[in-house]
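Notebook open, structure loaded. I'm going through this chain a bit at a time and jotting down what I look up.

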Amino acid sequence: QVQLVESGGGLVQPGGSLRLSCAASGTIFSIMGWYRQAPGSQRELVAGISRGGSANYADSVKGRFTISRDNAKNTVYLQMNNLKPEDTAVYYCVARGILDYWGQGTQVTVSS
């Protein structure tokens, strides 16, 4: 049974930083990443990273967010800097293999 456990969300002021973590049990996944969903909006890709470390980002977060992974710990991270109110959303970790597995989501709120 694959489980993804997320942590690191919270409330932060504009311009602040947060670091999300997602630990996966079971196999090492070829692709891990983060999606987010704001109220009234569709879930959107934030960033993804391959097992070898190749990363891709949504245009809206390029230069502010950094995705990384530790294969030994089967964990993916999302460092979020210079946060903006429009980054407010529930952030979901995803692990992609033969099937997709999703975390439970963690709330990120950017507000003064």
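**Entry 1: strand S9**

I started with S9, in what is a predicted model. How many of the residues of S9 are buried? I get six of its eight, so I'm writing S9 down as mostly covered.

Next I looked up the partners of S9. S4 pairs with S9 in the antiparallel sense, and I count seven bridges there. One residue pair to find on screen is Arg-36 with its bridge partner Tyr-91 in S9.

S11 also pairs with S9, again antiparallel, over three bridges. For that pairing I marked Ala-89, whose bridge partner in S11 is Val-108.

Then there is S10, residues 100-102, which runs antiparallel to S9 and is joined to S9 by three bridges. Ala-95 is the residue I found opposite Tyr-101 in S10. S9 and S10 make a hairpin, with three residues between them.

**Entry 2: Tyr-91 and its surroundings**

Tyr-91 had already come up as the partner of Arg-36, and I wanted its contacts. Which residues does Tyr-91 touch, leaving out those up to four places away in sequence? My list has Glu-6, Leu-20, Trp-34, Tyr-35, Arg-36, Val-46, Phe-65, Leu-78, Met-80, Gly-105, Thr-106 and Val-108.

Thr-106 is on that list, so I checked it too, because at 11% relative accessibility it counts as buried. Thr-106 lies in strand S11. With the same neighbours in sequence left out, Thr-106 touches Glu-6, Gly-9, Leu-20, Ala-89, Val-90 and Tyr-91.

**Entry 3: the nonpolar core**

A bit of background for myself: in soluble globular proteins, nonpolar side chains tend to be buried together.

Here the largest nonpolar core has 26 residues. Which of them touch the most other members? I noted Trp-34, Val-46, Phe-65, Val-76, Leu-78, Met-80 and Tyr-91. I then looked up where the core gets its residues: S3 (18-24), S4 (31-37), S5 (44-50), S7 (65-70), S8 (75-80), S9 (89-96) and S11 (106-110) each supply at least two.

**Entry 4: the disulfide**

How many disulfides does the structure hold? One. The partners are Cys-22 and Cys-93, and their sulfur atoms sit 2.1 Å apart. The angle about the S-S bond is -80°, which I'm recording as a left-handed link. Cys-22 is in strand S3 and Cys-93 in strand S9, so this pair ties together parts that are 71 residues apart in sequence. I checked cover as well, and both Cys-22 and Cys-93 are buried.

**Entry 5: an open sheet**

S3 turns up again in a sheet. I found an open sheet of four strands in the order S1-S3-S8-S7, with antiparallel pairing. Which strands are at the edges? They are S1 (4-7) and S7, since each is listed as pairing on one side only. On average, neighbouring strands of this sheet are turned by 15° against each other, direction ignored.

I zoomed in on S1 and S3, which pair in the antiparallel sense over four bridges. Leu-4 is the one I looked for, and Leu-4 stands opposite Ala-24 in S3.

**Entry 6: two asparagines with positive phi**

I checked backbone angles in two loops. Asn-74 sits in the loop between S7 and S8. Its phi is near 55°, a positive value in a residue other than glycine. Asn-82 is in the loop between S8 and S9, and Asn-82 also has a positive phi, about 50°, although it is not a glycine.

Are these two buried or exposed? Asn-74 has a relative accessible area of 6%, so I call Asn-74 buried, the cut-off being under 20%. Asn-82 comes out at 42% relative accessibility, so Asn-82 counts as partly exposed.

**Entry 7: out past S11**

For my last lookup I went to Ser-112, which is in the segment after S11. Is Ser-112 buried or exposed? Its relative accessible area is 84%, and exposed means over 50%, so Ser-112 goes down as exposed.

I also checked how far Ser-112 is from Tyr-91. The two are 21 residues apart along the chain, and 20 Å separates their C-alpha atoms.

Technical notes
Residues are numbered from 1 along each chain as its sequence is written. This is a predicted model: local features need pLDDT of at least 70, side-chain atom pairs count only at pLDDT 80 or more; totals for chains, interfaces and linings use all residues. Side-chain values use heavy atoms; hydrogens and water are left out. A nonpolar core is a set of buried Ala, Val, Leu, Ile, Met, Phe, Trp, Tyr and Cys residues joined through side-chain atoms within 4.5 Å. Buried means under 20% relative accessible area, exposed over 50%, partly exposed in between (1.4 Å probe, protein chains only). Contact means heavy atoms within 4.5 Å. Two strands pair if DSSP finds at least two bridges between them. Axes are lines fitted to C-alpha atoms, for helices over the stretch in contact, and angles run from 0 to 180 degrees between N-to-C directions. A disulfide is a pair of cysteine sulfur atoms within 2.5 Å.
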